[in-house]
Amino acid sequence: MTAPTTLRELSCADDYDPDSMPVDKARALIRRFLAPITTVERVHIRAALDRVLAEDIVSPFDVPGHDNSAMDGWALRFADLAASGETTLKRVGDSFAGKPHAGAIAAGEAVRIFTGGVMPQGADTVVMQERATEIPGGVRVAAGAVSKAGQNRRLAGEDLKRGAPVFGAGQPLRPAELGMLASLGINEVSVYRRLRVAFFSTGDELRSIGQPLAAGEVYDSNRYTLYGMLTRINCEIVDMGVVPDVPEALERAFAAAAASADVVITSGGVSVGEADFVKALLDKLGEVLFWKIAMKPGRPLAYGKIGAAHFFGLPGNPVSVMVTFYEFVRDALRVLQGHRDAEPQPTFKALLAAPIRKMPGRTEFQRGILTRGADGAWQVRTTGDQGSGILSSMSRANCFIVLPAATGDVTAGSPVEVQLFEGLL
Ligand code: AMP
Ligand code: MG
């Protein structure tokens with residue numbers, strides 16, 4: 001059978017079980033329906049930070065443009081150095097960064113040179129200044145100061161050759177890329193337009209901050225975590241507020257969100273008991289699949305299309321919202337943004353500092369605190385209570401401890417996979 005191309009076909013596939021959907025499978029299914037944005041815009045490289053490049057960049061010239069010195073020292077001809085003992089050379093000029101020595105050097109001659117200074121014609125090697133002594137009219141180079149020709153010389157084009165591909169479309173633009181573009185003299189680039197994401201919270205019990213709370217009501221925090229998570233990945237945001245569990249109000253909100261954004265995200269309303277009427281509503285407006293993911297927290301999840309917009313229906317519990325966002329939505333949004341390598345955040349192994357109890361069957365994303373042990377090795381422990389409503393567990397954590405579905409109890413000292421919250425670049 002060929003791969004299903006519509007959500008309806010997908011939901012008829014033999015191995016499709018919406019009530020026990022493995023994490024990897026849900027990711028792969030969603031991935032099939034994602035096509036990157038195609039609209040591009042020209043922006044100054046400063047404004048391009050955290051955007052995705054929409055063109056190929058080739059180097060307009062060699063970088064560096066000339067052979068130059070990697071050290072402060074003396075430029076000379078390797079062949080002039082005595083096989084053993086010191087060598088005395090005549091000083092014929094200076095080469096500063098940005099102010100080259102005009103002439104060439106001949107046999108027995110040297111040029112005082114500084115880091116980044118252009119190598120004079122005829123010189124092939126630089127002796128670092130610590131291995132040479134300046135004498136009147138010249139320099140005395142210590143025995144064995146260099147071991148081979150070409151030492152301490154940076155070659156023209158060793159970073160980038162003229163005409164060589166530098167970046168391809170889909171390259172995320174981080175500080176290093178901005179610097180490289182600047183080093184090529186490029187001040188404007190084409191990037192994909194920003195992704196527009198509309199979101200709202202559902203629930204009769206929710207109040208927005210600034211409103212008084214009656215008994216049993218809670219403040220809507222999901223819109224703020226979503227705001228933060230979406231802003232971090234540079235999406236354009238449409239915050240549509242709280243929508244009560246009233247079919248007409250929800251229908252209006254879904255329709256308005258889908259008409260104004262590339263992606264619609266909701267929280268709440270997809271759990272058993274609530275899903276049925278949301279399901280009926282979304283069946284009318286688009287094609288949406290409701291899954292129970294074999295994970296903890298974050299079991300219910302809906303994915304589909306409402307018109308041209310992608311829809312993610314996240315669970316209502318505050319921790320579940322964050323976990324499902326990071327494990328499904330974030331990567332999907334990155335694909336839509338045009339990222340070439342939109343892989344999930346990598347995991348690495350750390351040793352568990354205290355045992356964890358776990359039932360086999362679901363992938364768990366426990367909130368972890370990663371620290372360096374006395375021996376310098378990374379170790380991790382949980383933040384304590386792992387309830388899906390305990391948002392402080394996310395705040396105190398610096399990583400997820402990812403425990404695969406098949407895993408049961410884990411003993412102290414065992415290696416476990418951790419997924420860091422922070423990235424460097
Ligand atoms: P639900 O998925 O709608 O059944 O909600 C599950 C739990 O999460 C309930 O305790 C809700 O009150 C809570 N919850 C739902 N949405 C939010 C929200 N936006 N902010 C804070 N808590 C929420
Ligand atoms: Mg609800």
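Here is a short conversation about salt bridges in this predicted model.

Student: How many salt bridges does the model have?
Tutor: Happy to start there! The rule asks for a side-chain nitrogen of Lys or Arg within 4 Å of a carboxyl oxygen of Asp or Glu. By this rule, the count comes to 23.

Student: Which residue forms a salt bridge with Asp24 at 3.3 Å?
Tutor: Let's look in helix H2, residues 23–31. Asp24 is exposed, at 56% relative accessible area, and its partner is partly exposed, at 22%. The two sit three residues apart in the helix, so about one helical turn separates them. The partner is Arg27.

Student: Which residue is linked with Asp24 and Arg27 in a network of salt bridges?
Tutor: Good follow-up! Asp24 and Arg27 form a salt bridge with each other. The network that holds them also includes Glu327.

Student: How many residues apart are Arg42 and Glu55?
Tutor: Their salt bridge has its closest N and O atoms 3.2 Å apart. This pair links distant parts of the chain, with Arg42 in strand S1 (residues 40–44) and Glu55 in the loop between S1 and strand S2 (57–58). Along the chain, their separation is 13 residues.

Student: Is Glu86, the salt-bridge partner of Arg140, buried or exposed?
Tutor: The side chains of Arg140 and Glu86 meet at 3.4 Å, N to O. Arg140 lies in strand S9 and Glu86 in the loop between strands S4 and S5, 54 residues apart. Arg140 is partly exposed, at 33%. Exposed means over 50% relative accessible area, and Glu86 has 51%, so Glu86 is exposed.

Key
Residues numbered from 1 in each chain as written. Chains lettered and ligands numbered in written order. Predicted model: local features only at pLDDT ≥ 70, side-chain atom pairs only at ≥ 80, totals over all residues. Heavy atoms only, no water. Helix = DSSP H or I, 4+ residues; strand = E, 2+ residues; numbered from the N terminus. Buried < 20%, exposed > 50% of the residue type's maximum accessible area, 1.4 Å probe, protein only.
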